[in-house]
Amino acid sequence: MSSPGSRCWLTALTTSSAEVTGCSSTATITSPSAGITWRVGDSIAFAGSATDPDQGSLPASSLSWTLVMHHCPSNCHEHTIQSFAAVAGGSFVAPDHEYPSYLELRLTAEDSGGLTDTTSIRLYPKTVDLTLASQPTGLDVTYLAQTAPT
């Protein structure tokens, strides 16, 4: 049958039996850990694995990763930054992008039957508070398309 928590598909169901056609694998991201923050140019290592109720541990060739930038100035939209095929881990350099934005690292596992499972982790940038001033005071200062007097 299948392990607890796996997703399986039924082809036949009667009052006395059920025929299971397949159960999807379970992808797991082991690093980076939730809650880490990054700066532009940081190298971020990632690793993961997948298990399948029928096949056991899946090889790295069954894994694919996608690094996505979510840009949310007023309505969120995505930019695919990089993809990594057939690896259990690696690293990437945190990109520069206008704030507000965050990264999402997605891991997809595909078993020999073509069934997939995707999991992801959000990675947020380190932020700082800025105070802008001018000399002489009272001049307009523009930052990220916002202008205000000092």
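Phe 46 is buried in this predicted model, with a relative accessible area of 2%. Trp 65 also counts as buried, at 1% relative accessibility. These two residues belong to one aromatic cluster, which is formed by Phe 46, Trp 65, Phe 84 and Phe 92.

**Aromatic pairs**

Four aromatic pairs are found in a search of the whole structure. One of them joins Phe 46 and Trp 65, whose ring planes stand at 55° with the centres 4.6 Å apart, so the pair is tilted. Phe 46 lies in strand β5 (residues 43–52) and Trp 65 in strand β7 (residues 63–71), so the contact between their rings ties together parts that are 19 residues apart in sequence.

A further tilted pair is made by Tyr 102 and Tyr 124, with 5.2 Å from centre to centre and 40° between the planes. Tyr 102 is in strand β10 and Tyr 124 in strand β11 (residues 116–125); the pair links distant parts of the chain, 22 residues apart. Tyr 102 counts as buried at 10% relative accessibility, whereas Tyr 124 is partly exposed, with a relative accessible area of 39%.

The two pairs described here are set out below.

| Pair | Centre to centre | Angle between planes |
|---|---|---|
| Phe 46 and Trp 65 | 4.6 Å | 55° |
| Tyr 102 and Tyr 124 | 5.2 Å | 40° |

**Glu 104**

Strand β10 (residues 101–110) also holds Glu 104. Glu 104 has a relative accessible area of 11%; because the limit for a buried residue is under 20%, Glu 104 is classed as buried. Its side chain makes a polar contact of 2.8 Å with the side chain of Ser 120. Leaving aside residues up to four places away in sequence, Glu 104 touches Ser 120, Ile 121 and Arg 122, and also Thr 66, Leu 67, Val 68 and His 70. Residues 116–125 make up strand β11, and residues 63–71 make up strand β7.

**The disulfide**

The count of disulfides comes to one. Cys 72 and Cys 76 form this bond, and their sulfur atoms are 2.1 Å apart. The cut-off for a disulfide is a sulfur pair within 2.5 Å, so this pair qualifies. The torsion about the S-S bond is about 115°, so the disulfide is right-handed. The two cysteines fall in opposite accessibility classes: Cys 72 is buried, with a relative accessible area of 17%, and Cys 76 counts as exposed at 54% relative accessibility.

Terms used. Residues are numbered from 1 along each chain as its sequence is written. This is a predicted model: local features need pLDDT of at least 70, side-chain atom pairs count only at pLDDT 80 or more; totals for chains, interfaces and linings use all residues. Side-chain values use heavy atoms; hydrogens and water are left out. Buried means under 20% relative accessible area, exposed over 50%, partly exposed in between (1.4 Å probe, protein chains only). Helices (H or I, at least four residues) and strands (E, at least two) are DSSP runs, numbered from the N terminus. A polar contact is a pair of N or O atoms within 3.5 Å; within protein, one must be able to donate a hydrogen and the other to accept it, and residues adjacent in sequence count only if both atoms are side-chain atoms. Contact means heavy atoms within 4.5 Å. Rings of Phe, Tyr and Trp (its six-membered ring) pair if their centres lie within 6.5 Å; planes under 30 degrees apart count as stacked, over 60 as edge-to-face and the rest as tilted.
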